[in-house]
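Reader: I have a structure open and would like to learn how to read it. Could you walk me through a few features, one at a time?

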Amino acid sequence: MKKTKPIALAAAGLLLTSVLAACGGGDDDTSTGGGGGGGSTAQNDALTKVVNASDKKGGTLRIALSDDFDSLDPGDTYAALQWNFSRLYARALVTFKPVPGTGNLELVPDLATDLGKPSDDGLSWTYTLRPGLKYDDGTPITSKDVKYAVERSNYSKQLQTGPKYFKQYLADPDKYKGPYDDKADFKSIETPDDSTVVFKLSKKFAEFDYLASMPQTAPVPKAKDKGLDYKKAVVSSGPYKIDAYAVGKSLSMSRNPSWDQASDPIRTALPDKIEVQLGQDANDIDNRLLSGGLDLDLAGVGVQVPAQGKILGNTDQKKLSDVSTGGTLSYLALNQTVAPLDNIHCRKAVAYATDKLAAQTAFGGPVTGGQIATTIVPSTVSGYVKADAYPSGPDNHGDVAKAKEELAACGKPNGFDIVMSARSDRPKEMQMQAGLQQGFARVGIKVTFKNAPFSDYITTLHASPDYIHKNKIGIIFTKWGADWPSGFGFLSQIVDSRAIKPSGNSNYQETKNPEVDKLLDQAAETPDKAAREKLYAQIDQTVMAEAGIVPLVYSSQLLYRPASLTNVYVSPAYSGMYDYVHLGVK
Amino acid sequence: MGVPRDPRGAHRSARPPPLFSFIIRRLLGAVGLLLIVSLVTFAIFFLLPRLAGASPDDLATKYVGKAPTAEAVAATKERLGLDDPFPIQYARYVKGIVVGQDYSNGPEVNHCPPPCLGYSFVNNEPVLPTLMDRAPVTLSLAVGAAVLWLIGGVSIGVLSALKRGTVLDRAAMAIALAGVSLPIYFTGLLSLAIFSYWLKIIPSTQYVNFKDDPLEWANHLSLAWITLAFLYAALYARLTRAGMLETLNEDYIRTARAKGLPERTVVVRHALRASLTPILTIFGLDLGLLLGGAVLTESTYSYAGLGTLSISSIEKGDLPMVMGVVLLATVFIVVASLIVDLLYAVVDPRVRLS
């Protein structure tokens, strides 16, 4: 017995060592993972083509998510993943073309027969519903349900999670209070018959179709509406109906017997069932994806750091991955009211001295962190035009000589002291901040920090101009993604002076340029898409010229598609995650 | 030389313990304790931010999606009652517990029957049903692990004490040291890596209801039970060993042996019984704390229990849900210590229930 113990311990040690080696990734090309090897695909295939194209129906799509849905109610959600996923059970009037590549940014009719038809004065938009549409309980879908869906999501005081763009753009002379508290008919949405819905606007808005693509236009039958509890009793208009939803735990969906493929040119509805496990550990999700126990991570923001090593270090696994650009910009907002950044030359000095490579490295490098950014509008958003107002040198560490010139012009040749902020519960941002601090020190800009956790940062602290002024925070780090993939969707909340709010503000740098506001208004009234895109580029350049924003990286993510997943492609319209309406399983 | 202290001999002539009045008194004390805990927790969440300068608008802004317009903030502030003074908010909370609460979801008014712990600020779910939904997961995890660690830890401790100084003792104590030292997020992940991802013997994560399939319930929980039990068993083994070593040196043990009692009787009925009292105390507290949420274990194995609920609620600032978890955890600890006190009398008759 005395001899067996050390042997047993040694054996246990060997077992542990071998397991750790197996789990550690490295260059072991023999491991298959992903439920079946790399096949004939290559890394990044899903950026430009449909990977594992298939029309095989059946099977169960196994999905996991590290959190819960913000809401399953299409009228009360503001999460990109949910705007993508909800299309499996809630059809909006319009959606994005289900194809890979930039074609995905194009809008196509979904519940409607065509895109919206604007009136001659541009103040009303008309949509006609397809014939024969039904809910999962077999009752017909009418235009009144679309009207009701928009009313409840934008005007009721109960549903506050989603955006309020309809409320912003629809005419509302009587100050409608929503269908729960106001029994009067809301006159700004008309339903002349059961298949026609007309939206009356207070001002022209050429991108109204993007609003119609939001899940808020998915029909809700008034008789079945349970307000805040509707998320647990959603009536389906898509190919799947919700069988069971245990809040924070799981979601089960199966085919909607009333859905008719003939009425839906967008969806293929391949799997028989969709099972979503909620509240799962993010690393566990990755490990299960890699070992074939899952088909999809619904979050769509890429795998965690430990899994990145396993995927990038193994050629078979690497083939099953895609580096997608998320349509999100990480940037420094230079507050134009905080001295000495109220002087444009001091702001330009910061722009030139910014060590963008340090930021990129902190975020994970060019693959999982993102490409170095030089414009406000990211490359995957319509309206992007390549430009670089403040080149950061050949190695992207910043242009020290130019920064010193600007400091001299600002009257601070030896630099200045300034406060910088980032989200304290984001380790990568903390690393980025330290890297940038060193870069700024090269020209005498001494940075101190005033950070806060994400939830306070974006609501009551740094998103409040008062807080910024009181704490003299000149350099505010933030990330921004568009609500819809156009220059307007990206820019309107972050550079429009009228968007500055006492709390929950997104115009951190407090750009108050009448020219910018005018160009935004002009774009909203320009029906021609190409002409609008020119205006967006102009806005981008105007804000960059006054050095209000220092773009750092266009964030990217390492997505993983197990071999079991079919019909996979990256959707630029939905923040670079996979397009969820077409997925199937082998 | 002292008189042998046979625990069974003490207070043999005492009257039966006033069990009923003892339990009633403890339960009344528990209600008072719960009120104090609820007031302190409520003050931490609802009063301190106000004292620190946060306005009701600031608080409401956190519960309005990504675009907190002034209108949305005002509507949310009104819906959640954040504008009211602190005493009114607390009184409303306590009133909800006593008589229930009505709540509008928009088109309908829902009645939350007493004891109503309110509604989540984040997903509008009623707090108590959510807690009751999550509790079985934590209960299964904690009780299963507790059985394992109690049996494993105490047995190893006794064996170690009896075989003091042998390789068995040293190996057991070395493993115990490892168990105490290794964090659950290491042993948990390692066990998942070996048994779930690599060998694929045990399914990773996902809780199965006991009622649906008892075998799968145990199968899905087995890894977590063993991992959690490994941590606690190690501690219990060391405690039992120390207690046993001390007791085995007592005079009455020598006397028992001298009387010719079988060794098994000496060890189990005399030595172990006397060593169990401190173990029982710590067991009650450990189990009570775990029932309030095995945060790390539940997170590692992705169980939707009270631990993961409390973490996600704290992350999202879901104050009513955090309040609910705190109160339920208090109840568990109070009940566990009550049971421990009752068990004292069984294990050690010297203890009176008074």
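Author: We will go through two sheets, a glycine, a pair of helices and the contact between two chains. Please keep in mind that this is a predicted model.

Reader: Let's start with a sheet. In what order do the five strands of the open sheet in chain A lie?

Author: The order in space need not follow the numbering, so read across the sheet. Here the five strands run β8-β9-β10-β1-β11 in chain A, with mixed pairing. At the edges stand β8 (240-246) and β11 (296-297) of chain A; each has a single partner strand, so one side of each lacks a neighbour in the sheet.

Reader: Which strands does β1(A) pair with, and in what sense?

Author: Strand β1 (residues 60-64) of chain A runs parallel to β10 (residues 273-277) of chain A, joined by five bridges. Within that pair, Leu61(A) has Ile274(A) as its bridge partner. With β11(A), β1(A) also runs parallel, through two bridges, and there Ile63(A) faces Leu296(A). As for cover, four of the five residues of β1(A) are buried.

Reader: And how many bridges hold β8(A) to β9(A)?

Author: Six, in the antiparallel sense, with β9 of chain A spanning residues 250-255. One pair to look for is Ile242(A) opposite Met253(A).

Reader: What is the strand order in the six-stranded open sheet?

Author: Reading across, you meet β13-β17-β12-β16-β14-β15 of chain A, and the pairing is mixed. The edge strands are β13 (370-372) and β15 (446-449) of chain A, each paired on one side only. From one strand to the next, the twist averages 30°. Inside this sheet, β12 (residues 321-334) and β16 (residues 473-481) of chain A are antiparallel partners over seven bridges. Leu329(A) has Trp480(A) as its bridge partner there.

Reader: Now a single residue. Is Gly370(A) buried or exposed?

Author: Count the neighbours: a residue is called buried when 20 or more other C-beta atoms lie within 10 Å of its own. Gly370(A) has 25 such atoms, so Gly370(A) is buried. This glycine belongs to strand β13 of chain A. Setting aside neighbours within four places in sequence, its contacts are Gln360(A), Phe363(A), Val553(A), Tyr554(A), Ser555(A) and Ser556(A). Another way to see the fold bring distant stretches together is Leu558(A): 188 residues along the chain from Gly370(A), with 10.0 Å between the C-alpha atoms.

Reader: How do I describe two packed helices?

Author: Two packed helices are described by the angle between their axes and the distance between the axes. In chain B, the axes of α6 and α8 (residues 214-248) come within 7 Å and cross at roughly 130°. That angle makes α6(B) oblique to α8(B), and the crossing is left-handed.

Reader: Which residues make that contact?

Author: From α6(B) come Ala172(B), Met173(B), Ala176(B), Gly179(B) and Val180(B). The α8(B) side includes Phe230(B), Leu231(B) and Arg238(B). By class, the contact has ten nonpolar residues, one polar and one charged.

Reader: Finally, how many residues does each chain bring to the contact between A and B?

Author: Chain B brings 39 residues and chain A brings 37. On the chain B side, the elements giving two or more residues include α6 (167-181) and α7 (184-198). The most come from α7(B), with five residues. Sorted by class, that side holds 15 nonpolar, 17 polar and seven charged residues.

Methods. Residues numbered from 1 in each chain as written. Chains lettered and ligands numbered in written order. Predicted model: local features only at pLDDT ≥ 70, side-chain atom pairs only at ≥ 80, totals over all residues. Contact = placed C-beta atoms within 7 Å. Nonpolar A, V, L, I, M, F, W, Y, C, P; charged D, E, K, R; others polar. Pairing = 2+ DSSP bridges. Axes fitted to C-alpha atoms, helices over the stretch in contact; angles between N-to-C directions. Buried ≥ 20, exposed ≤ 12 C-beta atoms within 10 Å, placed from the backbone. Parallel < 35°, antiparallel > 145°, perpendicular 65-115°, else oblique. Left-handed = near helix turned anticlockwise from the far one by under 90°.
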